[in-house]
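Biologist: I am new to this structure. Please take me through one part of it closely, the largest cavity, and then show me what lies around it.

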Amino acid sequence: MTENMNMFLILIFSLLLSSTTTTLSQQVRNDTEAISLASTDFGHIVKEIPEAVFYPTTSNDIITLLKQANDNTTPIAARGQGHSVRGQSMAQKGIVVNMTSFGNEGGRIIIVSEGSSFGPYVDVGGEQIWINVLGETLKHGLSPVSWTDYLYLSVGGTLSNAGISGQSFRFGPQISNVYELDVITGKGDFVTCSRNKAPDLFYSVLGGLGQFGIITRARIALAPAPTSVKWVRLLYNDFSAFSRDQEHLISMNGRMEKNGVDYLEGFLLMRQGPFDLSFYPEPDQLRITTLVNQTGIVYLIELAKYYDATTQNSVDKDLQLLLNRLGFVRGFAFSKDATYLEFLNRVRAEELKLRKLGLWEVPHPWMNLFVPKSRISDFDSGVFKDIFLKNKVPAGLIIIYPMNRNKWDDKMSAMTPNEDVFYAIGLLHSSTPEEWEAFDNVNKQILEFCRVAGIMFKQYIPHYETEHDWINHFGSKWGNFQLKKLQFDPKKILAPGQKIFNS
């Protein structure tokens, strides 16, 4: 009998003793279908085969698993929607915990509370996806304030990274809007934690890349939800004007909110393409294509102003006053109205289109960086205008927008550059199975450019292969990160796919 098979049988025996409400076959699987699903992720680049897949329905199931895993030093990876791109949710020769089954025994875990000393909130199971959270809170006229661009991600997954989108400049990432967590540590201890209760675990887990525990519940701050959105795109042919206006717009937060924006991101349209013009009226699409071909790169600010019945008569005037101060190419401002739900769920339509074409489950050699404001012009020159434009590299989707660092809590594990303003840059390539390495080589070229130029970036949703790289990533936080790992997961069994402590 192999060591791995012995481990698997021990696990089954343990679960037989502990499980009284579910059958063993529903909890532990090692059939081809289950193993295949847990061996890959959205990236379709890494493949790591676990020994088994675990389907918990209660916290006690996960506690039992982790205590048994500690006895056998078995690698354990929690998997929500599997939207990692480099195998972060995998466990080679270990156990993958499929969180989509969690809570099934007790029903959906999304409970809205409107009356509390610190305002309304929602208690959410870590396995829940954000689109379901939004649907439930909107029934109460409420909404979380910070989002990711794509809402079909699990709460536990995004909180383990940070959770960013165009609202982050105002409200910080999603981890800045959490009141309380239920966490099962790597030792199998169930802990309710917050800023005041077990704060070491609370701060470690938020942005902690799954290294310290599995999030089974999060208490998320809510605010009154708007009903409608003015959705605007502005085109620029000059990077200085583009970045200046983005930085101006995020600086308005807190002092001129009526005349400010509620969401801000940016994109690139590049001559070599591909780029999607479906947002724009058909008569304007040729004008936009011509502008891109003339300049090589067009920078695009995407912003949104929320409104409801009380502000619908003034939103157009407020928006126009705002646009009058900006330096976009005149005649290239475009807007549409959408419901709040339609706007937040805007990526879903693109997903369904790609799925229909068979282009969703393909390799995604993505890379996300945080770049300090002081070096963003150098990044534009060295990466966008040189590596991409001169070499005619297919650009895919490139996202770029600034955030305010004071909206992040430095006690949390998530890392940012040490400047008051920094930019999130998403290089979101899609490729064929034969081409992903070529895109990955471009990513490596970009990282080398930053290294030589001395650009002190941080990777977001990081992927490193060596401990040295992780030490550089965490910088002054590395020592504390190690100590908390020893405190909450001393056998180092959790999230092996991150390759932090088991590279």
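Modeller: Start with the domains that meet there. The lining of the largest cavity takes at least three residues from domain 2 (110-224) and at least three from domain 3 (228-459). Keep in mind that this is a predicted model.

The space itself comes to about 100 Å³. Lining it are 13 residues. Those closest to its centre are Asn-161, Ala-414, Met-415, Pro-462 and His-473. Two elements, S19 and H16, each supply at least two residues of this lining. By class, the lining of the largest cavity holds 8 nonpolar and 5 polar residues, with no charged ones. A search of the whole structure turns up 6 cavities of 30 Å³ or more.

How is such space found? Rolling a probe the size of a water molecule over the atoms shows where empty space is left.

Now turn to the second largest pocket. About 960 Å³ of space lies in it. It is lined by 38 residues, and the closest to its centre are Leu-447, Phe-457, Gln-459, Tyr-464 and Asp-469. Four elements give two or more residues to this lining: strand S16 (367-372), helix H15 (436-453), strand S19 (458-460) and helix H16 (467-474). H15 gives the most, with 7 residues. The classes here are 14 nonpolar, 13 polar and 11 charged. The lining of this pocket draws at least three residues from domain 1 (19-103) and at least three from domain 3 (228-459).

That brings in the domain layout. The assignment gives domain 1 (19-103), domain 2 (110-224) and domain 3 (228-459). Taken over C-alpha atoms, the centres of domain 1 and domain 3 are 35 Å apart. Their contact takes 7 residues from domain 1 and 10 residues from domain 3.

One helix is worth a look as well. Helix H11 spans residues 315-323, and its buried residues are Val-315, Asp-318, Leu-319, Leu-322 and Leu-323. Seen down the axis of H11, these fall within an arc of 135°, so they line one face of the helix. The spacing rule helps here. An α-helix has 3.6 residues a turn, so residues three or four places apart point the same way. What covers the buried residues of H11 includes strand S12 (228-236), helix H9 (239-251) and strand S14 (297-307).

Technical notes:
Residues are numbered from 1 along each chain as its sequence is written. This is a predicted model: local features need pLDDT of at least 70, side-chain atom pairs count only at pLDDT 80 or more; totals for chains, interfaces and linings use all residues. Side-chain values use heavy atoms; hydrogens and water are left out. On a 1 Å grid over the protein atoms alone, a cavity is a set of points where a 1.4 Å probe fits but cannot get out, and a pocket is an open set with protein on both sides within 12 Å along at least five of seven lines; lining residues have an atom within 4 Å of a point. Grid points are joined across faces, edges and corners, and a volume is the space filled by probe spheres set on the points. Ala, Val, Leu, Ile, Met, Phe, Trp, Tyr, Cys and Pro count as nonpolar, Asp, Glu, Lys and Arg as charged, and the others, Gly among them, as polar. Domain bounds come from an automatic or database domain assignment. Buried means under 20% relative accessible area, exposed over 50%, partly exposed in between (1.4 Å probe, protein chains only). The arc is that of the directions from the helix axis to the C-beta atoms. Contact means heavy atoms within 4.5 Å.
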